[in-house]
Amino acid sequence: MARQVMINRLFMLLSRTAMFAVLWWLLTEGQPGSWGLGVPAVLLATLVSLLLVPRMTISIPALLRFIPFFLRHSLEGGMDVAGRALHSRLPITPVLVDYPLKLPEGLPRVVMINMVSLLPGTLSVEIDNDGLRVHVLDGNSDITVRLGILECRVAELFALAMTPTVSDHSLT
């Protein structure tokens, strides 16, 4: 048992270090000379994340399903927003929608809130207790269903049990 805990901690340390190293590499566009500053920055970021961010279980299969889901919805949303912006009548009906969050507090909610803001046509405005206020470009859309689908996907990402509020076929 103690050996498994040690292996898990080592995996967490290495995975976070690798994640920050890749992030540094991306931010510096792979400049080899940047690693003099990058190595201490990566180690410091890893230490801070270990102290501040609790250990979370990320489902790798759910992550692999989430990436194409997010990219597809980002592309569809972007095309929808571009079509509305280029349309002569500018068919938008902006509204604020209150959505009750079912995800637990912490990193899953942070991911959900940021994913909502990254999807075109929606912007997380405010979080209050267990509710999220979202600015939506199209008030006639099925935004609560779409937010429910996104919330289920985020729950899967963190291997959280959550009762889906939408039918299974709309989770694709």
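Colleague: Where does alanine 159 lie?

Modeller: In this predicted model, alanine 159 lies in the segment after α5.

Colleague: Why is alanine 159 called partly exposed?

Modeller: The relative accessible area of alanine 159 is 48%. Buried means under 20% and exposed means over 50%, with partly exposed in between. The value of 48% falls between those limits, so alanine 159 is partly exposed. Its phi is positive, about 55°, although alanine 159 is not a glycine.

Colleague: What makes glutamate 29 count as exposed?

Modeller: Its relative accessibility is 69%. The limit for exposed is over 50%, and therefore glutamate 29 meets it. This residue has its place in the loop between α1 and α2, and its phi is also positive, near 55°, in a residue other than glycine.

Colleague: How do you know whether threonine 46 is buried or exposed?

Modeller: Threonine 46 has a relative accessible area of 3%. Because the limit for buried is under 20%, threonine 46 is buried. It is placed in helix α2. Leaving out residues up to four places away in sequence, threonine 46 touches Leu13, Arg16, Thr17 and Phe20; touching here means heavy atoms within 4.5 Å.

Colleague: Let us turn to the sheet. What is the order of the strands in the open sheet?

Modeller: The open sheet has three strands in the order β1-β3-β2, and their pairing is antiparallel.

Colleague: Why do β1 and β2 stand at the edges?

Modeller: Each of these two strands, β1 (95-100) and β2 (122-128), has a single partner strand, so one side of each is left without a neighbour in the sheet. From one strand to the next, the twist averages 25°.

Colleague: How do you know that β2 and β3 pair?

Modeller: Two strands pair if at least two bridges are found between them. There are six bridges between β2 and β3 (residues 131-136), in the antiparallel sense, and therefore the condition of at least two is met. Leucine 123 has histidine 135 in β3 as its bridge partner, and aspartate 128 stands opposite glycine 131 in β3. These strands form a hairpin with two residues between them, and asparagine 129 in the turn has a positive phi of about 50°.

Colleague: How many bridges join β1 to β3?

Modeller: Six bridges join them, and the two strands run antiparallel. At least two are required, so β1 and β3 also count as paired.

Colleague: What makes aspartate 98 an exposed residue?

Modeller: The relative accessible area of aspartate 98 is 51%. Exposed means over 50%, and therefore aspartate 98 is exposed. Aspartate 98 has its place in strand β1 and stands opposite arginine 133 in β3. Apart from neighbours within four places in sequence, aspartate 98 is in contact with Leu132 and Arg133. Its C-alpha atom is separated by 8.7 Å from that of threonine 144, a residue 46 places away along the chain.

Colleague: Why are the side chains along β3 said to alternate?

Modeller: Leu132, Val134 and Val136 point to one face and are buried, whereas Gly131, Arg133 and His135 point to the other face and are not buried.

Colleague: Which strands does α4 lie across?

Modeller: α4 lies across β1, β2 and β3, and runs at about 145° to β2. α5 packs on the sheet as well, touching β1, β2 and β3, with a direction that makes about 45° with that of β1.

Colleague: Now the pockets. How much space lies in the largest pocket?

Modeller: The space is about 910 Å³. Its lining has 25 residues, and Ser15, Met19, Met56, Ile58 and Leu107 lie nearest its centre. Two or more residues of the lining come from each of α1 (2-27), α3 (60-86) and α4 (107-118). The largest share, seven residues, is from α1.

Colleague: What is the make-up by class of the lining of the largest pocket?

Modeller: By class, 19 of the lining residues are nonpolar, four are polar and two are charged. Met, Ile and Leu count as nonpolar, so Met19, Met56, Ile58 and Leu107 belong to that class.

Colleague: What is the volume of the second largest pocket?

Modeller: Its volume is about 370 Å³. It is lined by 21 residues, and His73, Gly77, Pro120, Thr122 and Arg146 are the closest to its centre. α3 gives the most to this lining, with seven residues. By class, the lining of the second largest pocket has 11 nonpolar, five polar and five charged residues.

Methods: Residues numbered from 1 in each chain as written. Predicted model: local features only at pLDDT ≥ 70, side-chain atom pairs only at ≥ 80, totals over all residues. Heavy atoms only, no water. 1 Å grid on protein atoms, 1.4 Å probe; cavity = no way out; pocket = protein on both sides within 12 Å on 5 of 7 lines; lining within 4 Å. Points joined across faces, edges and corners; volume = space filled by probe spheres on them. Helix = DSSP H or I, 4+ residues; strand = E, 2+ residues; numbered from the N terminus. Axes fitted to C-alpha atoms, helices over the stretch in contact; angles between N-to-C directions. Buried < 20%, exposed > 50% of the residue type's maximum accessible area, 1.4 Å probe, protein only.
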